[in-house]
Amino acid sequence: MESISEAILYVDEAMLIFARGLLGITFRKSRHLSAATTTFTPFPQNFFFFVNTFLCLFRYPFSTNNNKNNNFNDIFDDADSIKKIIREEKWEDFRRFDSPIWVSKILLTLKKEPRLVLKFFKWAKSHTTAEDYCIVAHILFYSRMYSDTYDVLKELVTLTNASDVLDVLWSTRNACHPGYGVFDALFSVLIELGLLKEASECFLRMRSFRVLPKARSCNYLLHKLSKLGDKNSSLKFFDDMIKSGIVPTVYTYNIMIGYLCKDRDLNAAKGLFAQMKDIGIDPDIVTYNSLIDGIGKYGELEDMVSLYKEMKCLPDVVTYNTLINCLCRSGRMVVAFEYLHEMKKSDLKPNVVTYSIFIDVFAKEGMLQGAIKFFVDMRRVGLDPNEFTYTSLIDAHFKAGKVDEALKLVKEMLEVGVKFNVMTYATLIDGLCNEGNIKEAEEVFRVMSKDGILPNLEVYTALIHGYIKSKKLEDAFNILEQMKENNIRPDTLLYGIVLWSFCSDEKFEEAKVLFDKMKGLGIEGNYVIYTILADAYFKAGKSIEAQNLLNEMQERGISPTVVTYSALINGLCRLGFMPQARMFFDEMIEKGVKPDEVVFSCLIRKYQEIGNLEEVLALQNEMMKRGLMAITSDSAVHNIQT
């Protein structure tokens, strides 16, 4: 019975190979065993060979008068002879046969000897078809030689169309006892090779065969898709998993919740969090940390704390770092310190990230001494600063005007072997440019390129700002062109810097052209952009254009700030349009925008000039109620506005 089954399988294999030849997907390797490259045999060259081979085998599958074929069949009838040839590597005994079918025949004959199968397959690759690869994969996987199975499938996928491999693997599934784990192996290989689209398509076709990959492999694809930032594909595949009956694990939900939180789609993340609890999957520490971080960075601090208190698992260092980071960046330093103390009471030691968070916040708030204290403390407890720690402290020193100390820290980084990241370079370039050291900034920019670190938007913005401050507009525009070549799109801040430079030089037409170009690219101006332009128009005596800009700003739903109103009121006062200035003053109070010393002082000075003492007294009384003091000099007003 076994010999009959093998004969039927043999004929099936011959028919299958013939069909594959007709479809043009058979391939051959170079005759030389050392050749590293594979060449595909074009369909027309082997067409008649396949036809003749197939007809011959179909009519006379195991006997012929030809001595050559007699020897061929004699060898196949004796499995021990085949094993001996392979063990002793007497490959010349096989070289007499030039048929694409004898390889698969030997592979099937040896299926109970997987190591011999692999040895023979490696030698016979110059004669192999896609079917041979798949037969070997089935045999090896069934024999639990998983690593070798993966290698064979990887090679096959790289040699032929990935979408065809599943068909061939399915058609050869009876090469040994049917097993479906090998299909999961193919699915995993596609993911590992970065063929994510093909893997997603493979999943759907496997589903049609009612052969599904393991949840672990599906999580692998989901993780890869989320890392690429492909939201639509991630959500679709997650949905396909659920609909296919694959039971998601906590890791599945962690991948999706973490990705959605980073994408700031909190509603979807919260929905999945509720869903996983509904189906009986308990969130773990990773789930909570992702959601706490997402909610906290979105500014929903009360919800963040509530979720923390809801946790059924013990918080770890990441949990506390997340809470501290979100609270610090929201200005809730006191509460952040409370969590730091709670963390220490829980016998959890603050790590480099914890210290770096506090150093960065102190640095950004201009509290240099506080940043230095944490820097010293972290070293005292045996923690080495990383590139983020150094970068924050360097930035703090630059902002405090302590350039020498900042450069000492840069030197220290180099001495202890801490590599600069792109933000370190951005901070260094920005600090040097602000000090007017444009030559040194250019040198840092060149060193950065030599180190193989691509400049980001922050680096370009710092350098352009430096060039504009140094009145080197041509160099600034050259950098803008370089950004364009590197596909880095200027943001609102960078446009604001360039617009400010145009307005400072009274190049209003150039500013208008740039502003229109900015809107044409879909970059919405913020209140800073509109304020810069409106202030410039007022200074040029173009009050109508300035007011039109502010009207456009409000039509776009951009709320004016105290800075915007300050520029507007100051401009109108300078031009003597007091009714309009007073109207905007009343408007800002109605909208809940608190006027500052600059706004009051502009109005008071102008009313004094025109002799309207009643308004002067009224405004002075209002200032006293608000605890504000008038600014008396024009230069002081100008400095505050700038």
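Which helix is Val182 found in? Keep that in mind while you get your bearings, and remember that what you have open is a predicted model.

**Stop 1: the whole chain**

Start zoomed out, with the protein chain shown as a cartoon. You should be able to pick out 36 helices and two strands. Of the 642 residues in the chain, 48% are buried. Switch on a surface if you like: the accessible surface comes to about 32,900 Å², and carbon and sulfur atoms own 53% of that. Now think about who touches whom. Among the chain's contacts with a separation of 6 or more, 62% link residues that sit 24 or more positions apart.

**Stop 2: colour by confidence**

Next, colour by pLDDT. The mean for the protein chain is 80, and 82% of the residues reach 70 or more. Select residues 1–70 and you'll find pLDDT under 50 throughout, with 96 contacts in the model beyond four places in sequence. Then jump to residues 632–642, where the pLDDT is below 50 as well. That stretch has 15 contacts in the model beyond near neighbours in sequence.

**Stop 3: Val182**

Time for the opening question. Select residues 181–192: this is helix 10, and Val182 is in it. Val182 counts as buried, because its relative accessibility is 1%. Show its surroundings and, leaving aside neighbours within four places in sequence, you'll see it in contact with Ala137, His138, Phe141, Thr149, Leu153 and Leu169. Try the distance tool on Ile139 too: its C-alpha is 9.6 Å from that of Val182, with their positions 43 residues apart in sequence.

**Stop 4: helix 19**

Move on to residues 333–345, which make up helix 19. Its 13 residues reach 19 Å from first C-alpha to last, close to the expected 18 Å. Show side chains for Met333, Ala336, Tyr339, Leu340 and Met343, which are buried. Those residues lie on the same side of helix 19, because they cover an arc of only 115° around the axis. Spin the view and look at the other side, where Val334 and Lys345 are exposed.

What do the buried residues of helix 19 pack against? Add helix 17 (301–310), helix 18 (317–329) and helix 20 (352–364) to your selection, and you have the partners. Before leaving, click Asp347, which follows helix 19 and has a positive phi, near 65°.

**Stop 5: the cysteines**

How many disulfides does the structure hold? Zero. A disulfide is a covalent bond between the sulfur atoms of two cysteines, so a good check is the gap between sulfurs. Select Cys326 and Cys328: the Cys328 sulfur is the closest cysteine sulfur to that of Cys326, yet at 9.5 Å it is too far for a bond. Cys326 counts as buried, with 3% relative accessibility. Hop over to Cys261 as well, which counts as buried at 8%.

**Stop 6: helix 32**

Finish at residues 562–575, helix 32. It has 14 residues and reaches 20 Å from its first C-alpha to its last, close to the 20 Å expected. Is helix 32 mostly covered or mostly uncovered? Mostly covered, with 10 of its 14 residues buried. To see them, select Thr564, Tyr565, Ser566, Ala567, Leu568, Ile569, Asn570, Gly571, Leu572 and Cys573. Last click of the tour: Gly576, just after helix 32, where phi is positive at about 85°.

Conventions: Residues numbered from 1 in each chain as written. Heavy atoms only, no water. pLDDT = per-residue confidence, 0-100. Contact = heavy atoms within 4.5 Å. Helix = DSSP H or I, 4+ residues; strand = E, 2+ residues; numbered from the N terminus. Expected span 1.5 Å × (residues − 1). Buried < 20%, exposed > 50% of the residue type's maximum accessible area, 1.4 Å probe, protein only. Arc of directions from axis to C-beta. Disulfide = S-S within 2.5 Å. Areas by Shrake-Rupley, 256 points an atom, 1.4 Å probe, with all protein chains shown as cover.
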